[in-house]
Amino acid sequence: MLSYGFMQRALAGGLIIAAACSIVSFFVMVRRLAFVGMGISHAAFGGVSIGIAAGINPILAAALFCSLVSLGIGYVSRKGRLHEDTAIGIFFVAAMAMGIVLVRVANAYNIDLMSYLFGSILAMTWWDVLTLGIIALFSVAFLILFFKELLFFAFDEETAQASGMPVRFLNYTLLVTMAVLIVVSIKLLGIILVSGLLVIPAATGMQVFRNYRGVIAMSIATSLVSVALGLYISWKFDLASGAAIVLVMFGIFAISFIFSPRRGYLRGRTS
Amino acid sequence: MKKTCKVADYFEGKKKDTSLIELEHVFVKRNGTLVLEDITFSLEAGMFLGIIGPNGAGKTTLLRVLLGLLEPTSGKVKVMGMTPKELKSELHHIGYMPQQVLFDASFPVSVLDVVLMGRACCIGLLNFATKEDRQAALESIRLVGLAGYENRPIGELSGGEQKRAFLARALCRETRILLLDEPTSGLDIPAQESFMELLAKLKEEFSLSVVFVSHDVNILARYADELVCVNRTMHLHGKPSEVLSSGRLKEAYRCEFDFLVGHPIPHERKDGA
């Protein structure tokens, strides 16, 4: 399969994005941001449509748009009198509705919207792989350099703030990192399934390990195996890449859940 | 113990005329409501101050003002001779324990990881924990009697053990002042006693100053050098014996019921039960 150029690009891009998303996934889980990820990924539809309507790169437009949406969600839920899930519910439907209107106005039904919605390995170019690499590098650098502060902030925000941690910066930067990673993963997984890469890996790690080091290592391994195996299945059976990757990831999660030493089916049977 | 000049200035007596904590006519408004009104008191270094008052009296707000997390609407605040703005770079000298740490029981961190968080402000942004930081964290864990628990997940500890771990986190820096917000809430009486004994011992051993917020007058009366009774405004400040014998203590606690219900209701049961 690697003799095909498009598969080389998809695998290279996929593994890069899997590694970066799996680390963010840890913070998505401990900060309970899974629904934020869903909201941002769906809002990407609005961003892609803006790009199509304005004649600029849809992924670039979506990256900017989703960063703004993520900051909006963060701001409204901190400053407003709304819970985070309500803020997400508002932004996500408004952005999707705007996307639908813009696609109609721009008369852009001929653009392959399905590839944005469900992912397409054929859509990946070497330019995309390079972009993914640069963005993944910045994201991972942020997560590693600020790891101790992010962990403190995720565990106990009040004491982190009382210790002089830049909690506002950490919160907003984490949201923007999530947004950008979501957008650049769209070609691989599609708008609908992309948030899986931010939720399932760390959730899988949590089934097996009780310390963040193990959770993150397992999260990275789950992502990399899922992308590689998912892409192979997608190529072999001519399936949408996003669906194949997410199903493999879910399979690993289910196995981890069942054989989890801390909870799950086997423990229930033996206790 | 490394000292930065501003804090060293204070503790080496270069600011002899200033108390450890000074509040002058502090007013705090939140969402248009006055939550603290005309608070004035000072505290000398090495003292154990108990801040008492009923629920919703503004005790936590007062701690947040001392930490510089909340700016007073008016009035003067100085901690170790520094304004809240100046204090921002010296927060590693203050150990803080919030009223409640709301974390998921499965949060994947060990006791050692949690205590190391206390050193984050000493380590500094973009730096990583060194062997010395780990040693300091292990020493704090030992001091609070949790030796052997270093690698246990924090969620598996009992309530009392978790409080000790959070105390170790507050100590695991260049701590001069401990600000503790209801640290014994949710603990049974033996666990409360043991926590207070530990705190008193650590205070003496490391010449710490302690500001302890609680609505439990009894526990503070036995350990505090001074008590401040707050219920939006400051009702009393003095030695525990003076505060407890004052009729105004009852008055301060009664205010809460009036404030909450909006009109006076009977407070004392006549049947002696």
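In this predicted model, Leu116(B) makes contacts beyond its sequence neighbourhood. Leaving aside residues within four places in sequence, Leu116(B) is in contact with Ala129(B), Asp133(B) and Ala137(B). The residue sits in helix 4 of chain B, which covers residues 111–117. Leu116(B) counts as buried because 25 other C-beta atoms lie within 10 Å, where the cut-off for burial is 20 or more. Val217(B) lies elsewhere. It follows Leu116(B) by 101 residues in sequence. In space, the C-alpha atoms of Leu116(B) and Val217(B) are 33 Å apart.

Chain B also meets chain A. The interface involves 21 residues of chain B, in contact with 20 residues of chain A. On the chain B side, helix 5 (residues 120–123) supplies the largest share, with 3 residues. The class make-up of this side is 18 nonpolar, 2 polar and 1 charged residues.

Chain A contains helices but no strands. The count is 14 helices and 0 strands. Along the sequence, the pattern accordingly reads α-α-α-α-α-α-α-α-α-α-α-α-α-α. The radius of gyration of chain A is 19 Å, and the globule rule gives 18 Å for 271 residues. The two values are close, so chain A is as compact as a globular protein of that length. The C-alpha trace of chain A spans about 55 × 45 × 35 Å along its principal axes.

Burial and contact range were also computed for chain A. Of its 271 residues, 53% count as buried. Contacts between residues at least 6 apart in sequence were sorted by separation. Among these contacts, 71% join residues at least 24 apart.

Ile17(A) gives a local view of chain A. This residue belongs to helix 1, which runs over residues 5–30. Ile17(A) counts as buried because it has 27 C-beta neighbours inside 10 Å, against a cut-off of 20 or more. Residues up to four places away in sequence are again not counted in its contacts. On that basis, Ile17(A) touches Leu132(A), Ala136(A), Val184(A), Ser185(A) and Leu188(A). Phe138(A) is 121 residues from Ile17(A) along the chain. The C-alpha atoms of Ile17(A) and Phe138(A) are separated by 12 Å.

Key
Residues are numbered from 1 along each chain as its sequence is written. Chains are lettered from A and ligands numbered from 1 in the order in which they are written. This is a predicted model: local features need pLDDT of at least 70, side-chain atom pairs count only at pLDDT 80 or more; totals for chains, interfaces and linings use all residues. Helices (H or I, at least four residues) and strands (E, at least two) are DSSP runs, numbered from the N terminus. A residue is buried if 20 or more other C-beta atoms lie within 10 Å of its own, exposed if 12 or fewer, and partly exposed in between; C-beta atoms are placed from the backbone. Two residues are in contact if their C-beta atoms, placed from the backbone, lie within 7 Å. Ala, Val, Leu, Ile, Met, Phe, Trp, Tyr, Cys and Pro count as nonpolar, Asp, Glu, Lys and Arg as charged, and the others, Gly among them, as polar. The radius of gyration is taken over C-alpha atoms; the globule rule is 2.2 Å times the number of residues to the power 0.38.
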